[in-house]
Amino acid sequence: MIRLRGAREHNLRGIDLDLPKGTLIAFTGVSGSGKSSLAFDTLYAEASRRFVEALAPEARSRFGRLRRPAVTFVDGLPPAIGVSQRGRSAPAARATVASEAEIHELLRVVWATVGVLHCPDCGTPSRPATVDSIVRELVSLAPGTRVSVLAPVVRAGRVAAVLRELPRQGFVRVRLDGVQHAVEDVGPVDDRVPHDLDVVVDRVKIAGADEADRLAEQRSRLGEAVRTVQRIGRSAGRGEVVVQAGGPDRVYGAAGRCGGCSAVLPELHARLFSTSSPKGACRSCDGLGAVRTVDADRLVVDPLRSLAEGAVDGGKAVRDAAHAHGIPMDRAWRDLDWASQDYVLRGGPGWEGAGRRASRRGASAASERAAMATLERPCADCASSGLAPAGRSVRVGSALRGSYPEWVGSPEGGSYPVLGRTLPELLMVPLSELVIDCPAPEVAPLVDEINRRVAFLVRVGLGHLTLGRSASTLSTGESQRVRIASQAGSQLSGVMYVFDEPTAGLHPADTALFLDVLRDLRAAGNTVLVVEHDPDVIRIADLVVDIGPGAGPDGGQLLYFGPPSGLAGRESPTARWLDGRDSAAPPLPRQAAGVLTLTGARGRNLTRRSPAGVDLVLPLGQVTAVTGRSGVGKSTLVLDTLAAAVARHLGALAEPLPYDRLDGLDAIGRLVRVGLAQAARSDRSLPVTLLKLWADLRGLYAKTALARQHGWGPDHWSLHTSGSGRCTACEGEGVRHVDLQFLPEVAVECEACEGQRYDEATLSVTFHGLSMAQVLTLPAREARVLFANHQAIAGPLRVLEDLGLGYLPLGQPASTLSGGEQQRIQLARELGRPGDVAGTLYVLDEPSIGLHPADIASLLTALHRLADARGTVIVVDTDPALVLGCDNVVEL
């Protein structure tokens, strides 16, 4: 048993549980009820803390003070592996499915070990050039094979003088224009015609394995012959070793030289296949696979603001660079001289420029304004692979099921593959079709591990992805399942796995595969804790922990603990939705205000059924759901084609996927994207900043008597500006981040401010008796009452409460918010400014993630409010309750 007593973390109310090990346990409840606080912030956090306590003192000291969860007693905790939606930073610009699933490192080693580099200039395969590797390959040929070791001395040139010299050097045989002769038998040669001449250094007939003495003698002879060829090559200005053994010549280039054109070639190494290494990355795109162009002038947020007030998008880096260059920080942008503006935007000594920085950071880390100012096109030089020419020219006999390999020589004889796939080609194959077939024994364990991990990715519903798919383009659910595959695919036993809604984004038809994965983990002797809303997952669980009944202060109680069958008839939100007593009401009829018609969308797999692509008719002023199984093209159609085309129409530097026409754009004046890619991840981004209430709140504190006495304006409470009242030790984050390299980064409470973000003098300023730090700890519902007389603050907080997020503290770091919470905050911001809704197209990417069915109803209410205000909403999702609650459904 895992024995838990007195769990009081966050809103939990002293929960006691005895959880049997080796079982599958589902944690259920409405959003904010406390299920994640119990599973992640108590059980997983305590298991992680105890693991750290078991480390050596040197490693422990780097953590600082790790807080123990608020719990009286926990016993029997096994080692834990957790995969959560919260605290997930943006993927690196070069991250792919292969790197996130920890497959890319294995592939790089395979290609570096048994790959054959084909010259990028002439295509000639370059075999391993060391004497030992050449000899090892030759003696492994079939017994009886006749082998001639040749030194090429003339290519397409005059040979008469060379032929006269060879007998004096001790050579008796040559190959002239492809035919072997004794030197004395070669007659007069017409040098007016170019010839190819090779010197035959030695000839052997390969012995069998039962002829040990002869085989040892042949190893010695072949080694000496290869060394002689290399010596001749150095004097002749050539370096390749040519072997005639029946069939095409085997050409072994000298180290660093092509055997066909003598071009300089790199040594095969795993770094050659890394887009993050200077040796492997394409120089045109720095390994990104795409070339980004940023219109730096579009990064100016407001010419009336000063740099200190955020006149230019780019945050602290821009402000620090300007300050170090001596540019006035308190002067309006429009009042700065041209040289100062040019330095900030385009760079100069010691600063790359805001434009260059925005293009380098990549789309996943860019702000909304930077994304609008960025045009991204596939890199033509590397064909979007991100690799330099050499890395793109290494081929291995890797196979798709039923098609390859093609080998030179016999695989049983141990020969190296020459024809096959390059690594970029392999990375573009759908996972459901990918099986690597490479019989080279030196990489057999690696190939087996790669195939096992690929099979696991397919099992968790990701067969439609490719290993080369950029991690920044994955949906929330896809991203989490890739991380689950990297963790749960390790075949461990006796571990406690903690998953946060692992079926997020899975179409109901694809859920069955993932349920088998959970069962297998349990069957391997692991304890599997799943925070989940999906009815299918709840029903297959051994036990259910139902927390509620409400969110925040209204939750935190243990409503039920037992088998799923025992939930029937109980008065809890989960039980009522499971047995059908509660359900989403169908939408009321609403008249469309026109249509937006997309014709001939042909991106990626949209031409699978018809070369003409897909047509989409989107009613304006209504809520439309686009649904379908994983990989059918929902994101391709809506996000990468429709939304990108609308963004380009509105002035953004967007590059949509191919389509023929888009009619009805005159009715769209604004585009708002709501999804994981737009989610804030900084510890200084808070619900109060995401709701755009931060300036009003700081203004209230600046008007207090004590603030006026000190001469402090609203900027004194800024968490982004140096020289303000923020804590200098943690720069306003309230935590210190410790990177352990071999373990995930951890956040430790700042000892200087004790997590309050501000210095003592600033904390002495109060509003209604509360400091700013205390206000940031208030749940939204309590803050709404406190600021009831300030409508600019209370209004959006009321909307936030209507969306079921009244429990959220105003100062909870955005990095700890779930994907569903972040999306609803973005919706609350829009509903709080109804004057901007009309004529706006809202595109939501999987907004149901993290939501209990009871919260889906609140989300649908918000979406229909946007439509009532003459906004147009399009939702990409697979949740049945959400889809059925929309005005229209488009199924791919």
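This briefing describes two open sheets, the helices that lie across them, and the cysteines of the structure. The model is predicted, and the values below are computed from it. One sheet has six strands in the order β10-β9-β11-β8-β12-β13, and the other has three strands in the order β23-β22-β25. Helix α5 lies across strands of the six-stranded sheet, namely β8, β12 and β13, whereas helix α18 lies across β22, β23 and β25. A search of the whole structure finds zero disulfides.

**The six-stranded sheet**

- The six strands, in the order β10-β9-β11-β8-β12-β13, form an open sheet in which the pairing is antiparallel.
- Strands β10 (179-182) and β13 (250-252) stand at the edges with a single partner strand each, so that one side of each has no neighbour in the sheet.
- From one strand to the next, the twist of this sheet averages 30°.
- Strand β9, which covers residues 173-176, runs antiparallel to β11, residues 195-205, and is joined to β11 by four bridges; Val-174 stands opposite Val-199 in β11.
- Strand β9 also pairs with β10, again in the antiparallel sense and over four bridges, and here Arg-175 has Gln-180 of β10 as its bridge partner.
- The hairpin of β9 and β10 has two residues between the strands, and in this hairpin Asp-177 takes a positive phi near 50°.
- Helix α5, made of residues 131-139, lies across β8 (146-157), β12 (241-244) and β13, and runs at about 165° to β13.

**The three-stranded sheet**

- The order β23-β22-β25 describes an open sheet of three strands with antiparallel pairing.
- At its edges are β23 (614-619) and β25 (661-663), each of which pairs on one side only.
- Neighbouring strands of this sheet are turned against each other by 5° on average, with direction ignored.
- Strand β22, residues 595-601, pairs with β25 over three bridges in the antiparallel sense, and the bridge partner of Leu-598 in β25 is Leu-662.

**Helix α18**

- Helix α18 is formed by residues 634-649, 16 in number, and spans 21 Å from its first C-alpha to its last, which is close to the 22 Å expected at 1.5 Å a residue.
- The helix nevertheless bends by about 25° at Ala-643, and Ala-643 is one of the buried residues of α18.
- Other buried residues of α18 include Lys-634, Thr-636, Leu-637, Val-638, Thr-641 and Leu-642, as well as Ala-644, Ala-645, Val-646 and Ala-647.
- With respect to the three-stranded sheet, α18 lies across β22, β23 and β25 and runs at about 115° to β22.
- After α18 comes Gly-651, whose phi is positive, near 110°.

**Cysteines without a disulfide**

- The search of the whole structure finds zero disulfides; Cys-382 is accordingly in no disulfide, and the nearest cysteine sulfur, that of Cys-379, is 3.6 Å away, beyond the 2.5 Å within which a pair of cysteine sulfur atoms counts as a disulfide.
- Cys-382 counts as buried, because its relative accessibility is 1% and the cut-off for buried is under 20%.
- The sulfur of Cys-753 has its closest cysteine sulfur in Cys-730, at 3.7 Å, which is too far for a bond.
- Cys-753 likewise counts as buried, with a relative accessibility of 5%.

Note on methods: Residues numbered from 1 in each chain as written. Predicted model: local features only at pLDDT ≥ 70, side-chain atom pairs only at ≥ 80, totals over all residues. Heavy atoms only, no water. Pairing = 2+ DSSP bridges. Axes fitted to C-alpha atoms, helices over the stretch in contact; angles between N-to-C directions. Contact = heavy atoms within 4.5 Å. Expected span 1.5 Å × (residues − 1). Bend = angle between axes of the 7 residues up to and from the residue. Buried < 20%, exposed > 50% of the residue type's maximum accessible area, 1.4 Å probe, protein only.
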